[in-house]
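Me: I have a structure open and would like to go through it with you. Could we start with the terms and then move to the details?

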Amino acid sequence: MNRQLISGARVLTPDATEAPLAAILIEEDRIAAILPPDAVVEDARRHDASGRLVIPGLVNGHTHGHGGLAKGAGDKWDLPLLLAHAPWVGGGRGLVEKRLSTTLTAVEMLKKGCTAAFDLSAEFPGPTQEGLDAMAEAYIAVGLRAVLAPMIADRSFFQATPGLVEALPESHRERAATMRMADGAATLATVDAAARNWRHGASGIALGIGPTIPLHCSDEFMRGCQRLADEHGLRMQTHVSEARYQAAGGEVMYGSTLLAHMDRLGLVTPRFSVAHGVWLTPQDLELLAARGAGLSHNPGANMRLASGIAPARAAIRAGVRVGLGTDGSSSSDNQNMFESMRLAAFASRLWDGAEEDDWLGTAETVRLATEGSAAILGLEAGSIAPGKLADLVFLDLDHINWLPLNNAANQLVWTEDGSAVRDVMIGGAWKLREGRVLGLDEARLAADARAAAVRLAEATSESRAWCEATAPHVACHCRALAGRFTQVRRLLRAD
């Protein structure tokens, strides 16, 4: 049996409130025991971690690996503008770019202390077996665990948003109307085939399914997604009520909230999680809790795209399983789960009338980013305790972020930014040592990324010009739709 002993370190307790000196015994890929700091295990390889704080690997509850090549793509964009620019932001991708973009995302997460992610990967006009394999292989090369869920739909953004095509100038309508996703039946068949032939599970990459946004999916298509989830045991995640215009679109299309409509179709189950959920109602939260479903709170992207603040405390009180995520690098622009913790804690203080009991405390926030997100992915990880996966992050206590060490939980949330991460172990195997990724050539990765950026800029220049011409009209229409939603909510409160 492969046994290892981590000694000399401070170890974060499962409740994240303390970090005493302790030793960690690892057998194969799991934590076997937490021992006194001076423990000796004769048949175990010893790793001296003196001067380190060991924490469970952070788990990213929601990201998009395809965004790795698109960081910094926009400035004053809300969600409709991001989607309006998507044809060029994510366009021109072949297998090389799909693998490269996911590799960039995975490397950034690893270097910033993240050991697993729920990745809603996108291919246009629909998923391919080759693309899914390439993205899975990118995660395997870096060493992260992932739920790789193809982000699928049978309606485009322009088809899915009520009245949007008609709101465009006549000269742009035809092109917008012809932007279509792949045939829904063909897309579902591709995911079905991928599930039947998935060969990456032993490497820690599970296949999931991601009907992207309810409005973008016909009822028949969403039922098809659920059939595949049931047949193959796939975890499902979708963007629900991320922005006000989507919540308004749900009322226009379905006469109910988006989540209530998905529940009527049978999609809200214990394997289901909502990404963002900014505009979920109290009834939506009760429904998520009753179904045993989860919520990935992504505060950075919600602020960046002016979506609002998700009701994280209300969700926790309702009994919803809550984790934290970053969103993709084209909508949040980094993959830093330490920042997600900090922003989640800050955002909880901004609710009108919120008092101290409503705020997210630091230890609680750490648990959301570890065991909370791990539960959404279905991983036995997220705390340093016997039986858990040996997914560990080693922080340098001599780094300026930790001088002096006053309170581990407070400093993980308030002062750490990922720069003190030195080593990462996943499943008992080292993946990052002294800040260096062991699974690939980082200099080659940098050169490939720069070359791809030039290539993609040339390939998408015409598409970008069209998107920039239509974007103001998209923004105007979606903001009017969002205003309609806000007005309806005011009337309901008045009643």
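Reply: One definition first: a residue counts as buried when its relative accessible area is under 20%, and as exposed when it is over 50%. At 18% relative accessibility, W430 therefore counts as buried. Please keep in mind that this is a predicted model.

Me: How many aromatic pairs are there in the whole structure?

Reply: The search finds five aromatic pairs. In one of them, the ring centres of F158 and W466 are 5.9 Å apart and the planes meet at 65 degrees, so this pair is edge-to-face. It links distant parts of the chain, since F158 belongs to helix α4 (residues 157-160) and W466 to helix α18, 308 residues apart.

Me: Are F158 and W466 buried or exposed?

Reply: Both F158 and W466 are buried. Ring pairs also join F157, F158 and W466 into a cluster.

Me: And what does W430 pair with?

Reply: W430 forms an aromatic pair with F394; the pair is tilted, with 5.2 Å from centre to centre and 50 degrees between the planes. Because F394 lies in strand β15 and W430 in strand β17 (residues 429-433), the pair ties together parts that are 36 residues apart in sequence. F394 is buried, with a relative accessible area of 2%.

Me: Which charged end sits over the ring of W430?

Reply: That of R433, at 3.8 Å from the ring centre. There is also a charged end over the ring of W88: it belongs to R464 and sits 4.1 Å from the centre.

Me: Switching to confidence: what is the average pLDDT of the protein chain?

Reply: The average is 95, and 98% of the residues score at least 70. Among the elements, strand β15 (residues 392-396) has the highest mean pLDDT, 99, and helix α18 (residues 461-494) the lowest, 79.

Me: Where does pLDDT stay under 50?

Reply: Over residues 490-495. For those residues the model has zero contacts beyond four places in sequence.

Me: Next topic, cysteines. How many disulfides does the search find?

Reply: The search of the whole structure finds zero disulfides.

Me: Why is there no bond from C478 to C476?

Reply: C476 holds the cysteine sulfur closest to that of C478, but the two sulfurs are 9.5 Å apart, which is too far for a bond. C478 has 2% relative accessibility and so counts as buried. C114 also counts as buried, at 0% relative accessibility.

Me: What about the backbone: which peptide bonds could I look at as cis?

Reply: A cis peptide bond joins F124 and P125, with omega about 5 degrees. P125 is in the loop between β7 (114-121) and α3. The bond from L403 to P404 is cis as well, with omega near -5 degrees, and P404 is placed in the loop between β15 and α16 (408-414). For context, most peptide bonds are trans, and most residues other than glycine have a negative phi.

Me: Where is D327, and what is its phi?

Reply: D327 is in the loop between β14 (321-324) and α14 (337-347). Its phi is near 70 degrees, a positive value in a residue other than glycine. At 3% relative accessibility, D327 counts as buried.

Me: And E434, buried or exposed?

Reply: E434 is exposed, with a relative accessible area of 56%. Its phi is also positive, near 50 degrees, and the residue is in the loop between β17 and β18 (436-437).

Me: Now helix α3: how many residues does it have, and how far does it reach?

Reply: Helix α3 (residues 129-142) has 14 residues and reaches 20 Å from its first C-alpha to its last, close to the 20 Å expected at 1.5 Å a residue. Its buried residues include G131, L132, A134, M135, A138 and V142. Just after α3, G143 takes a positive phi of about 110 degrees.

Me: Last one: what is M341 in contact with?

Reply: Leaving aside neighbours within four places in sequence, M341 is in contact with L58, L324, T365, V366, A369, L412 and V413. M341 is found in helix α14 and is buried, with a relative accessible area of 1%. The C-alpha atoms of M341 and P270 are separated by 24 Å, with their positions 71 residues apart along the chain.

Key:
Residues are numbered from 1 along each chain as its sequence is written. This is a predicted model: local features need pLDDT of at least 70, side-chain atom pairs count only at pLDDT 80 or more; totals for chains, interfaces and linings use all residues. Side-chain values use heavy atoms; hydrogens and water are left out. pLDDT is the predictor's confidence in each residue, from 0 to 100. Helices (H or I, at least four residues) and strands (E, at least two) are DSSP runs, numbered from the N terminus. Contact means heavy atoms within 4.5 Å. Rings of Phe, Tyr and Trp (its six-membered ring) pair if their centres lie within 6.5 Å; planes under 30 degrees apart count as stacked, over 60 as edge-to-face and the rest as tilted. Buried means under 20% relative accessible area, exposed over 50%, partly exposed in between (1.4 Å probe, protein chains only). A charge sits over a ring if NZ of Lys or CZ of Arg is within 6 Å of the ring centre and within 35 degrees of the ring normal. The expected span of a helix is 1.5 Å times one less than its number of residues. A disulfide is a pair of cysteine sulfur atoms within 2.5 Å.
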